[in-house]
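The following exercises concern strand pairing, burial and chain contacts. Please work through each task before reading its solution.

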Amino acid sequence: MALTDDKVKKLEERANKIRISIIDILEDAGSGHVAGPLDMADIFTVLFFHTLRHEPKKPDWPERDRLVLSNGHICPVLYTTMAYSGYFPIEELRTLRQFGSRLQGHPHRDFLPMLETSSGPLGAGLSQAVGMALADKINHGLTSQRRIYALLSDGELESGATWEAAMLAGKEKLNNLVAVVDRNNIQIDGYVEDIMPLEPLSDKWRAWNWHVIEIDGHNMEEIADAFDMSKTIFDRPTVIIAHTIAGKGVKEFERDYRWHSQLVDKKTEKMALKELRTLGGKLDVKDAL
Amino acid sequence: MTRLSRGALDILMLNPELKLNTKLFDKNVEQIPIRQGFGEGLLEAGKKDQRIVGLCADLTESTKMNLFAEKFPRRFIEIGVAEQNLAGVASGLAAMGKIPFISSYAMFSPGRNWEQIRTTICYNDRPVKIAGSHTGVSVGPDGGTHQALEDIAITRVLPRMIVISPCDSIEARKTTIASVDTGTPVYIRLAREKTPVMTTEKTPFEIGKAQIFWKSSKPQVGIIATGALLHQALLAAEALEGKIEVEVMNLSTIKPIDEKAVVALAEKARRIVTVEEHQVSGGMGSAVAECLAKHRPVPIEFIGVHDQFGQSGTPEELIEHYGMDTKSIIKAVEKILKR
């Protein structure tokens, strides 16, 4: 279903709130990853507030869609979006990375059972999503209604294990599977295209018999449309290559690989929050969000 | 004493409660590969339980998963030579309520894909069953790359993982069927070669339970064996009869270890020899040592591979070369008596 102008505005506001929260909790935690969570905020917002079939108050609802976060280190955006959707209290976000917290530094189902998977080591998420999609295929064949979403980073496409999974998904024609690649072009050691060039990336996926959609990962309509379109693809899995701006929303972070996992201190937090609350200076400080 | 009456006496030493194969000391004892038991067990379990799915990485016949695959093609997934994916896909299937069995050579699964097994299966708490075939030097002519000698060590160190090394094809079948309902990850250690059948259909089996196969009222040495080498241990006991009193234990479940039974044997015999076709470091013997160091410290001799890789040869040549044959076990028993 296409988004109305009103819905787009609402989603954008929500994504901004989620970014504010991410900065807030990362400063509280004193460690954690910055750029990925910020640049995936728009996609997570569309997923949790528009696309996913889920019931936050009933996280074990059997019919729910499945969301596998492969690059577990961007979990601040997962936790924040889950909290804002009603999975758990927003105040709990402040416990991120603390001893005894349900919000572990990388997601762990032992602590937060409503997660679909525990993750952290890169390159393992797509396999699990393929397994989930296969289970539905075994049970329901082509009539499987549930969607399985695998969220991947571009850095983890350097892992051969990702391509093992991609090959199998193509072979099994898993049209119930959607992978989203956060194409932000950064990883810990530098820019992805310097570390290990992935281009031509869409050709690589096509070669394994995937349907490829490339989008602006910050355009709510494009994001929602891509998820909708994936449902029309009958004979193969879909990958959405989402071109994003690493650290999106805070100019100082944007496109700078050093912000992959740099510490957010008090001073940086203040600067970043001001920028997000005034929508990059569009609002006066007194009107800030 | 004639050979015949000797054999009759041997049978008297076998634990009658276990209803073991009375022909197990015969030269022409029936021999079946342990992996065959896995294949039959999976087929049998698959008939009863729709949740079971089979996944293999291009070794379907070698691991005997072909029996299941032929009967249930819709519940069988050929993954290709991609063991990392094998583990991850199984985790995803388990997340949806399936009970996946994955099979390959142990060198590749749980060897190559250890981290995926740790994170996506154990850490993630998914009840995937991992069948690792072609363990030990008795893989034979294929050589050292294909002879898994480290698989017990790398699986038993994983939280939640149950580790079982059946002694024959019948126990492998029972292991496979029993592993369905543990609710945990299970590693099932298989072997390629034909192996003497020591147990029978009537032999009781329970995961986590060690069994005394060869009994003695006053043992001087307790031999604890796992896998096919249990047969060599029993032959050693037979050869020692009338000279040195031993008890022989089948420790097929290595984790969780049957602490009570292992400690009881150490109490009784006060000396232990462990026998396994695996590196001595980190294997079954180490598990026994950890248990006894804590509860009942006694001298231990370790039969196994000592910090080496395997090589090509016949299984018999290799078992002898690496010091895991009956003669080596007898020597270890004699040695420990002097300690």
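**Exercise 1.** Identify the bridge partner of B:Ser103 in E5(B), and then characterise the pairings of E4(B).

*Solution.* Step 1: B:Ser103 is bridged to B:Ala131 in E5(B). Step 2: strand E5 (residues 129–133) of chain B runs parallel to E4(B), with five bridges joining them; two strands pair if DSSP finds at least two bridges between them. Step 3: E4(B) also pairs with strand E2 (residues 52–56) of chain B, in the parallel sense and over five bridges. Here B:Leu55 has B:Ile102 as its bridge partner in E4(B). Step 4: strand E4 (residues 99–105) of chain B is largely enclosed by the rest of the structure, because seven of its seven residues are buried. Buried means that 20 or more other C-beta atoms, placed from the backbone, lie within 10 Å of the residue's own. Strands (E, at least two residues) and helices (H or I, at least four) are DSSP runs, numbered from the N terminus.

The model is predicted: local features need pLDDT of at least 70 and side-chain atom pairs 80 or more, while totals for chains, interfaces and linings use all residues. Residues are numbered from 1 along each chain as its sequence is written, with chains lettered from A and ligands numbered from 1 in the order in which they are written.

**Exercise 2.** Determine how many residues of chain A are in contact with chain B, and which element gives the most.

*Solution.* Step 1: 22 residues of chain A are in contact (C-beta atoms, placed from the backbone, within 7 Å) with 24 residues of chain B. Step 2: H5(A) gives the most to this side of chain A, with ten residues.

Note on methods: Two residues are in contact if their C-beta atoms, placed from the backbone, lie within 7 Å. A residue is buried if 20 or more other C-beta atoms lie within 10 Å of its own, exposed if 12 or fewer, and partly exposed in between; C-beta atoms are placed from the backbone.
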